[in-house]
Amino acid sequence: MGSVLALLWLLTGFLRGAHGQGVYAPPTVRIVHSGQACNVEEERYSERVYTIREGETLELQCLVTGHPRPQVRWTKTAGGASDRQGESSLHNETLKIDNVSRHQGGRYYCKAENGLGSPAIRSIRVDVYYLDDPVITVHQSVGESKEQFYFERTVFLRCVANSNPPVHYAWRRGREALTQGSDSGVEIYEPFFTQGETKILKLKNLRPQDYAEYTCIASVRNVCGIADKSAHFSFNNRTAPPSIKLLLDDPLVVNPGETVTLVCVASSGDPPPLLRWVRPGGEDLPKRSVINGGTLTVPAVTVDDGGAYSCMASNNVGNAAKKSTTVLVRGLRKGRFWITPDPYHNDDNIQIGREVKISCQVEATPPEELQFSWLKNGRPLRSSERMVITHTDTEVSPGTTNLDIIDLKFTDFGTYTCVASLRNGGSPEISIDVNISSTTVPPELSVPRGRSHLIAQEGDTVDLQCLVSGKPKPIILWSRVEENGGAVVAAAVAPPLMPDGSAETESSDGILRLSNVTREMSGTYRCQTSQYNGFNVKPREALIHLVVQFPPTVEPAYTEVRQALGRAFTLTCHLLRAHPARLLRYEWKLGSRLLTVGEFSEERDDTSYLVRALNREGYGEYTCDITNEAGAGRCTFMVTGKAYAPEFYYDTYGALWQNKPRVYGFKLQWTQMEPNAVDRILAYRLGIRQMGQSRWWEQEIAMEETIQKGELLTYNLTELVKPESYLVRLTPITRYGEGDATERTISYSAPVNPHLREFQCGFEDEAMCLFSQDKSDEFDWTRHSAASRDTKYTPNTGPSSDHRGSKQGFYMYIETSRPRMDGDKARMLSPTFNMNSRSSSSSSSSFAANSPTYCFAFYYHMYGKHIGALNVFLRQKGPTATETNVWSLSGNQGDHWLQAKVNIHPTAAFQMVMEGVRGPGIEGDIAIDDVTIEEGECKNPPPNNLRSLAPPSSPHIWQLCITLSLALIGQQR
């Protein structure tokens, strides 16, 4: 192996390419499939449909051309129903989905872009085929309330199966196939609003023979190999829809921690119904639940387990039965109180001789069991003329009790306790103490001196504080206030949310702590007293303004600048935003060396530094720091003389060749990205490593001349061992040193026809035997099969099968419908065939004389009154590519396939070009099929009455070497 690699460079050569923009080209895209497709249809208007069975592997490949190598991205949008995943994307040339599901059907787009021209986009629609098990349901003609089907009733048997494509249904009674008209008592019902051909079997006025075993067979006609599926239903005189009953109280009231058992039983129904428990809105059952038939058991029930539960019963007869119950878990929550001063006086204070009311509120489950009691200084308190105790309706939740003290006296001062409990126990009591005394005063709210306007730096922790006085002290509610130009906006405008995402935050001590503040937290904050757990008076409030300062935001944060020695250039740092935006300074440095400093004026938002002539000491890291009170923002410029990376060229014709049994060669081509950005490239360091090994072999390729942008450079690699792959690395070198390297993998693949002894193509594979569309024509050839061809728009033209008579077989044709115009051309290129190598010392005449002969044959179909022309050209590679017309035919040739044969004598690597020309109207489709190239002259020479194209008398080598003959052999299908 080592000796082979050591000889790697012996047979290599270096070639220069064209100057100017050269091989730079915008991207092109073609989608091919390599997965397990059932069918690929080429529909009109470039619509492509890829059909695949659910559960198979979807594999689509995006074949791209263009230079530089385009970046590829797959995206998907839903087809038909909305897709669960919405739009997704994949940055890879191959899209592979294992075990594809129906939800992954839809349109897939391949987008390629390389910065030149517009991105190239192609799409394909993936149609996922599936068939679910069918379900038979039974319905009566009138009402579903009766328990039995009587002889006089009409009954519908409905069969439903989800599928794609639409399902076809067939019915059987026992072993007897039921069809429309086969039994006067049976009608096959076809609803117009369904996609299936048959869904409903109607039994009119039930007869004894109608009580039988029925079978529904669902079929998609074996498309994609999907087998038929069936469902069975035994119909008898006991068949009835389900009915159920619940063996429990409604509502069911339980204590926390107890075990709840809900029992549902079927009281009737045949077949026996299936029972299940659900919660409304699709809410999950408690995780601890145990289900046994129609019994649902919830151990250690909690308050969260309370709510509605429904028992559902179905047996596919009539409508499903449903009954619901409510589980109430006893509990008390959210105890609150408030003090209301005398409403008849405009004074928020409690005063002797006036009225005062204490209110207490609690949420209870069940609300009707809620009861209140009052204590004064620990002793029971009863309602009297001056101490009036009232309660809200027990059906209203939350429940509220009020203690109204009329004509407050000094002896009424003390601690009042509201006690909430449930009549039947099951939950601890809630006690709320409220003190009424001369010190019971309404709240006052203020902001500490100097704390109403706060300035903080990003990342700080800030405490916003409001001082609250009064007894009892209420809870403080914090919220944000929308501002506009410094003024508080009316409450109708939705205010911004608090930093935690809520609209309001509670604080018991009046402090709101904001950690790691950001610039988005700047603004006005409101603190206000709550109206519960305190005085029921107008809320007191105060405002605090927070300013979060942040250092300047600049761009570019980091960029690389490539420059050649001696050149002048400017570096610019842009200020995007800063707070405060005054007293901004800038400072330029190269490494640690200070270059210049200054201050920003109000009119400027950037600063620049000019390098007048770059020297070696000028390479390095330039920084620009823009500072304010909060810190600094930095622009970094890495000035380097490194050359950009080479751009490998992937569209080389015949890049891989083989001239020895065990080795192969590869034509490595590339362009240089921005060659004039830095000093002249002196050489390239070429490294090569066999995949799976660690040793690199390197060689320098000298560059004698200046490389131009778009110039294609070529280096031939030989003695590569079959079938190994190699990693190639290319690094440009300037007087600055090594530039950016780029790598690519070279993989061996057998040439299409390495010796060109035989080539056959029936266009059955989507890759079309590597035929490609010419980019210089007006429209493209289309791959098609007669089974998917739509003749509605182009009658009386085009084939009804491929050359072999198969409607599923594929062929290539030109579609001449609008917008095609008279004279438009579609050109298709064969793969490039390499000639056997010749001695370079041979003369041109001997080369031509010894060139091999090949027979090029194909079948064509030219039927229609507007047929244009079909031309065949031999395109040969050389210093300049040449094309020679070797066959031509025009006009209507009848509705049948004919064969053409022609001898060719290529003298260099060549391609065959098939050119279809559109005639004066839409009935001019031309098709070709079964193209072959065989070594040797064509067999069965053409008869004398068939047309032949003789070569011209010019002595040009490309023309002298071709002997042409033509055979037209008609074949009727």
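**A tour from the core to the loops**

Start by selecting Phe 858: leaving out residues up to four places away in sequence, this residue touches Leu 870, Val 872, Trp 887, Leu 898, Gln 899, Ala 900, Met 914, Ile 928, Asp 929, Asp 930 and Val 931 (contact means heavy atoms within 4.5 Å). You are looking at a predicted model, where local features need pLDDT of at least 70 and side-chain atom pairs count only at pLDDT 80 or more, while totals for chains, interfaces and linings use all residues. Residues are numbered from 1 along each chain as its sequence is written, and side-chain values use heavy atoms, with hydrogens and water left out.

Next, add Phe 856, Tyr 860 and Ile 928: together with Phe 858, they have the most contacts inside the largest nonpolar core, which has 35 residues. Such a core is a set of buried Ala, Val, Leu, Ile, Met, Phe, Trp, Tyr and Cys residues joined through side-chain atoms within 4.5 Å; buried means under 20% relative accessible area, exposed over 50% and partly exposed in between, with a 1.4 Å probe and protein chains only. Strand β69 (residues 854-862) supplies this core's largest share, five residues (strands are DSSP E runs of at least two residues, numbered from the N terminus).

Now select Val 138, Leu 157, Ala 212 and Ala 218, which are among the 29 residues of a second, separate core.

On to the loops. Between β20 (240-246) and β21 (252-254) you will find Pro 251, joined to Asp 250 by a cis peptide bond with omega of about 0 degrees.

Finish at Asn 222, in the loop between β18 (213-219) and β19 (229-234). Its phi is positive, about 60 degrees, although Asn 222 is not a glycine. With 51% relative accessibility, Asn 222 counts as exposed.

How values were computed: Helices (H or I, at least four residues) and strands (E, at least two) are DSSP runs, numbered from the N terminus.
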